[in-house]
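Trainee: I would like a careful look at one part of this model, namely the way its strands are paired into sheets and what covers them. Please start from a single pair of residues and work outwards.

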Amino acid sequence: MNKEPLLQVKNLKKHFPVKRGFFNQVVGQIRAVDGISFDLHQGECLGLVGESGSGKTTVGRTILRALSPTDGQVLFRSDDQSYDLATATEDTLRPLRKHMQMIFQDPYSSLNPRMTVFDIIGEPLLVNGVSDRSEREQRVQELIIQVGLKPEHIRRYPHAFSGGQRQRIGIARALALHPKLIVADEPVSALDVSVQAQVLNLLQELQSTFQLTYLFIAHDLNVVGHISDRIAVMYAGKLVELGATDELFRQPKHPYTEALLAAVPVPEPRKSRNRALLSGEVADPANLPSGCVFHPRCPYVEDRCKTEVPKFREIATGHLARCHLAE
């Protein structure tokens, strides 16, 4: 990996106003992303994991500027220069967008049913100046083969494919412009388990072949652990733990991570485990608890957890956690 990160996220925030009344007055804020920071190096896969409503997808969309951030920096490195995507103008963003692509969660709604596979995958090429149809067709055929489909498939429409095949088409579309960074937003959660493994293996092969960098968003730690070099755990808009995959699985430092790991099924029905089951609901991002946002559900809660906000600090080399009792 290069010493200089490809992507640096610094204190990123995305708040959505809550409006009520006849005059649509702002009465509060939904803190979907509330000050997160991490680095992502070339060729690395960082898994971003958490429950539904934790803000994972909002992070991905805000990084790519599909949503405008409320505050913070998103520094993206291209051609030995660093660009702040959070404040960049559209003229600055336009040439950078081809280096950043997204794989969407739902392979059924993310593909236009009125377009053929050739048009779907070829559209990014056309938008970025590849006007020659034969050149586009050759490139699309190469991409189709790389994701495990057949060249004759490019004349078909999305309804002719299974969910796994549609997701492969979505992956080919993301690869069309040779991107450096791919944000994969739960790319296998809508697929059957057997197909999930095939798509994950494909993503790993493509990463190795093209030196891709992934931000892999998921709610399943089993899936994230299979593909990620490091894992960032998110709860109520904040990162609560970040570390190398093996280290985090072996010795979690935050009770929320511990609970997520305990929920992962073990393929041995007779094996007994001490499961750290959580009570209560995910914290409301429009009305966050005082102190540690996780304290209403934490089995180890102390008095200071209810009033004092824990810092996101390094517990061991490269292993950070947001917990008073992490040590």
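Mentor: Take Ser78, which stands opposite Gln81 in E5. The two residues belong to a pairing in which strand E4 (residues 71–78) runs antiparallel to E5, with four bridges joining them; strands pair here if DSSP finds at least two bridges between them. The labels are DSSP runs numbered from the N terminus, helices being H or I with at least four residues and strands being E with at least two. Before going further, note that this is a predicted model, in which local features need pLDDT of at least 70 and side-chain atom pairs count only at pLDDT 80 or more, while totals for chains, interfaces and linings use all residues. Residues are numbered from 1 along each chain as its sequence is written, and side-chain values use heavy atoms, with hydrogens and water left out.

The pairing of E4 with E5 is part of an open sheet of four strands, in the order E2-E1-E4-E5, whose pairing is antiparallel. At its edges stand strand E2 (25–40) and strand E5 (81–84), each of which pairs on one side only. With direction ignored, neighbouring strands of this sheet are turned against each other by 25 degrees on average. Helix H1 (residues 56–63) lies across this sheet's strand E1 (7–20), E2 and E4, and runs at about 115 degrees to E1, where contact means heavy atoms within 4.5 Å and the angle, from 0 to 180 degrees, is taken between the N-to-C directions of lines fitted to C-alpha atoms, for helices over the stretch in contact.

Strand E1 also holds Asn11, a residue other than glycine whose phi is nevertheless positive, near 50 degrees. With a relative accessibility of 36%, Asn11 counts as partly exposed, on a scale where buried is under 20% relative accessible area, exposed is over 50% and partly exposed lies in between (1.4 Å probe, protein chains only).

From here we can turn to the other sheet, an open one of eight strands in the order E6-E7-E8-E3-E9-E10-E12-E11, with mixed pairing. Strand E6 (100–103) and strand E11 (313–316) are at its edges with a single partner strand each, so one side of each has no neighbour in the sheet. From one strand to the next, the twist averages 25 degrees. Helix H9 (residues 255–262) packs on this sheet by touching E9 and E10, and its direction makes about 105 degrees with that of E9.

Strand E3 can be followed on both of its sides. Five bridges join E3 to strand E8 (residues 213–218), the two running parallel, and in E8 the bridge partner of Gly47 is Phe216. Towards E9, strand E3 (residues 45–49) is again parallel to its partner, with four bridges between them, and here Leu48 stands opposite Ala232 in E9.

Strand E9 deserves the closest attention. In a regular strand the side chains alternate between the two faces of the sheet. In E9 both of those faces are covered, with Arg230, Ala232 and Met234 buried on one side and Ile231, Val233 and Tyr235 buried on the other. Six of the six residues of E9 (residues 230–235) are thus buried, so the strand is largely enclosed by the rest of the structure.

Strand E9 also continues directly into its other partner, since E9 and E10 form a hairpin with two residues between them, and Ala236 in that turn has a positive phi of about 50 degrees. Six bridges join E9 to strand E10 (residues 238–244), and here the strands run antiparallel. Two residue pairs illustrate this register: Arg230 stands opposite Ala244 in E10, and Ala232 has Leu242 of E10 as its bridge partner. Ala232 therefore appears in both pairings, with Leu48 and with Leu242.

Strand E10 is itself mostly covered, six of its seven residues being buried. Beyond E10, two bridges lead to strand E12 (residues 319–321), which runs antiparallel to E10, and the partner of Glu241 in E12 is Ala321.

One loop residue completes the account of this sheet. Glu186, in the loop between strand E7 (181–185) and H6, has a positive phi near 45 degrees although it is not a glycine, and at 8% relative accessibility Glu186 counts as buried.
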